[in-house]
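Dear colleague,

I am handing over the structure we spoke about, and I would be grateful if you could look through it alongside the notes that follow.

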Amino acid sequence: MANEKDMTEEKKPEGFDKLMEFLDAETYQEKMELLDKMQLDVTDFMIDTMAVSLDVTIPDGDISDRYRQLKSCLAAKQRYEVSRFR
């Protein structure tokens with residue numbers, strides 16, 4: 001029975017919970033706050049996944065450059081979200 005449990009419980013990749021929290025966030029402000037908290041732990045996979053969720057493309061390259069590009073795209077969407085509701 002222990003083997004069955006081990007097989008059904010997949011190990012979550014590092015940062016999975018933070019990534020899911022980002023994807024579940026309802027506003028761009030929340031996403032920005034979460035992205036700030038993830039800065040030191042972010043991976044290329046996480047950036048790619050977050051970019052897809054924002055409907056943007058972040059080119060391959062240095063992880064810190066990719067992080068800044070993602071943050072810039074998110075900031076632009078955040079400004080649009082704020083002005084849209086005024």
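In what follows, two residues are in contact when they have heavy atoms within 4.5 Å, and please keep in mind that the model is a predicted one.

With that meaning of contact, Tyr-28, Lys-31, Leu-35 and Met-38 in α3 meet Met-46, Met-50 and Leu-54 in α4. By class, this contact of α3 with α4 is made up of six nonpolar residues, no polar ones and one charged residue. The two helices, α3 spanning residues 28-38 and α4 spanning residues 44-54, pack at an angle of about 170° with their axes 13 Å apart, and because angles over 145 degrees count as roughly antiparallel, α3 is roughly antiparallel to α4.

Turning to α4 itself, its buried residues are Met-46, Ile-47, Met-50, Ala-51 and Leu-54; they cover an arc of only 130° around the axis, so they lie on the same side of α4. The exposed residues Phe-45 and Val-52 sit on the face of α4 turned away from that buried side, and the helix is followed by Asp-55, which has a positive phi, near 65°.

The last point concerns Arg-66, which is located in helix α5, residues 63-84. Is Arg-66 buried or exposed? Its relative accessible area is 1%, and since buried means under 20%, Arg-66 is buried. The side chain of Arg-66 is joined to that of Asp-48 by a polar contact of 2.4 Å, and, leaving aside residues up to four places away in sequence, Arg-66 touches Asp-44, Ile-47, Asp-48, Ile-58, Pro-59, Asp-60 and Gly-61.

With best regards

Terms used. Residues are numbered from 1 along each chain as its sequence is written. This is a predicted model: local features need pLDDT of at least 70, side-chain atom pairs count only at pLDDT 80 or more; totals for chains, interfaces and linings use all residues. Side-chain values use heavy atoms; hydrogens and water are left out. Axes are lines fitted to C-alpha atoms, for helices over the stretch in contact, and angles run from 0 to 180 degrees between N-to-C directions. Helices (H or I, at least four residues) and strands (E, at least two) are DSSP runs, numbered from the N terminus. Angles under 35 degrees count as roughly parallel, over 145 as roughly antiparallel, 65 to 115 as roughly perpendicular and the rest as oblique. Ala, Val, Leu, Ile, Met, Phe, Trp, Tyr, Cys and Pro count as nonpolar, Asp, Glu, Lys and Arg as charged, and the others, Gly among them, as polar. Buried means under 20% relative accessible area, exposed over 50%, partly exposed in between (1.4 Å probe, protein chains only). The arc is that of the directions from the helix axis to the C-beta atoms. A polar contact is a pair of N or O atoms within 3.5 Å; within protein, one must be able to donate a hydrogen and the other to accept it, and residues adjacent in sequence count only if both atoms are side-chain atoms.
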